[in-house]
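Reader: I have a model open on my screen and would like to know what lies behind the words people use for it. Could you take me through them?

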Amino acid sequence: MRLGRTNLDVPPVWLGLMGVPESTDQFVEKALSAKVPLDISTAPGLWGSAMRGTEAFVTASGGYDLRNATDGGHAAILVQAELVQILSALGRGHLDIFFLRVSGRLEEFAIAGALEAISLAREEGLVKFAGIQAFGSVDIIRSIWQFNDAFDVVMARNNPLAKEPYKAISGLAEQRDAGVVSCGTLDWGRGAAFVELAPEGERNDLVKSAIANAGGPVLVGVRTINDIETALAPEVSEAD
């Protein structure tokens with residue numbers, strides 16, 4: 001499926017690496033073998049070091065400390081430092097997508113500084129595509145996006161039990177031909193995937209249905225090798 005103006009042809013399932021598995025190497029090896037985009041935001045040092053030297057499509061988010069920025073220059077430095085940390089862990093010269101995480105209202109200078117840092121990183125080839133993790137209110141995301149066109153991709157929560165915010169944000173993305181990645185699609189509660197509540201024999205069908213209904217690529221958080229296999233069940237079914 002096409003990811004907006006990036007013109008990338010991406011698979012329907014992306015994996016967000018989470019938790020602390022019993023064997024990091026085996027877990028990452030299983031994730032890499034899927035040949036899907038991998039998000040390492042939860043622990044860039046842990047996941048990055050385990051996939052050094054690979055050609056995986058890797059995404060990560062930053063901007064977690066922007067609320068502490070004292071001015072635009074400080075905000076830019078904070079984002080640049082995050083990028084350096086991520087790339088150093090990966091041992092590579094670029095990140096495929098860097099998402100600016102926005103979960104609440106930020107000062108205008110913080111946004112301006114962060115966007116300046118991301119723009120410079122793109123010019124230097126450190127980031128291929130810029131994204132926004134739209135975890136704040138629709139009004140906040142709209143205000144950030146209103147006067148700039150910096151983002152190629154938006155990641156938004158697409159929970160079947162609360163679709164309206166997702167519809168509004170994906171509508172903003174469509175106006176700009178930005179790609180949309182869903183997250184939270186399998187998470188209907190407090191961090192527990194709803195498929196865990198279903199009998200094991202029914203989980204693959206539930207995952208396949210939820211991802212198909214998302215209408216685009218879905219980032220699925222995985223903590224175990226079994227999670228990876230369950231998340232990829234739709235692709236396995238299609239291949240069969």
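Reader: What makes β5 largely enclosed by the rest of the structure?

Author: Happy to help, and please keep in mind that this is a predicted model. A residue is called buried when its relative accessible area is under 20%. In β5, seven of the eight residues are buried, so the strand counts as largely enclosed.

Reader: How do you know that β5 pairs with β4?

Author: Two strands pair if there are at least two bridges between them. Strand β4 (residues 95-102) and β5 have seven bridges and pair in the parallel sense. Leu95, for one, stands opposite Val127 in β5.

Reader: And what joins β5 to β6?

Author: Strand β5 (residues 127-134) runs parallel to strand β6 (residues 153-157), and four bridges join them. With at least two needed, they pair as well. Here you can look for Gly131, which stands opposite Val153 in β6. Both strands belong to a closed barrel of eight strands, running β1-β2-β3-β4-β5-β6-β7-β8 with parallel pairing.

Reader: Which helix lies across β5, β6 and β7?

Author: That is α6, which runs at about 175° to β6. Angles over 145 degrees count as roughly antiparallel, so α6 and β6 fall in that class.

Reader: Why are α5 and α6 called roughly parallel?

Author: Two packed helices are described by the angle between their axes and the distance between the axes. Helix α5 (residues 138-145) and helix α6 (residues 164-175) pack at about 10°, with axes 10 Å apart. The cut-off for roughly parallel is under 35 degrees, and α5 and α6 therefore earn the term.

Reader: Which residues meet there?

Author: From α5 come Val138, Ile141, Arg142 and Trp145, and they meet Pro165, Ala168, Ile169, Leu172 and Ala173 of α6. By class, this contact has eight nonpolar residues, no polar ones and one charged residue.

Reader: How do you know that the buried residues of α1 are on the same side?

Author: In helix α1 (residues 24-33), the buried residues are Thr24, Phe27, Val28 and Ala31. They cover an arc of only 90° around the axis, which puts them on the same side of α1. An α-helix has 3.6 residues a turn, so residues three or four places apart point the same way. What covers the buried residues of α1 includes β1, β2, α2, β8 and α8.

Reader: What does the face of α1 turned away from its buried side carry?

Author: That face carries Asp25, Gln26 and Glu29, which are exposed; the word calls for over 50% relative accessible area.

Definitions and conventions:
Residues numbered from 1 in each chain as written. Predicted model: local features only at pLDDT ≥ 70, side-chain atom pairs only at ≥ 80, totals over all residues. Heavy atoms only, no water. Axes fitted to C-alpha atoms, helices over the stretch in contact; angles between N-to-C directions. Helix = DSSP H or I, 4+ residues; strand = E, 2+ residues; numbered from the N terminus. Parallel < 35°, antiparallel > 145°, perpendicular 65-115°, else oblique. Contact = heavy atoms within 4.5 Å. Nonpolar A, V, L, I, M, F, W, Y, C, P; charged D, E, K, R; others polar. Buried < 20%, exposed > 50% of the residue type's maximum accessible area, 1.4 Å probe, protein only. Arc of directions from axis to C-beta.
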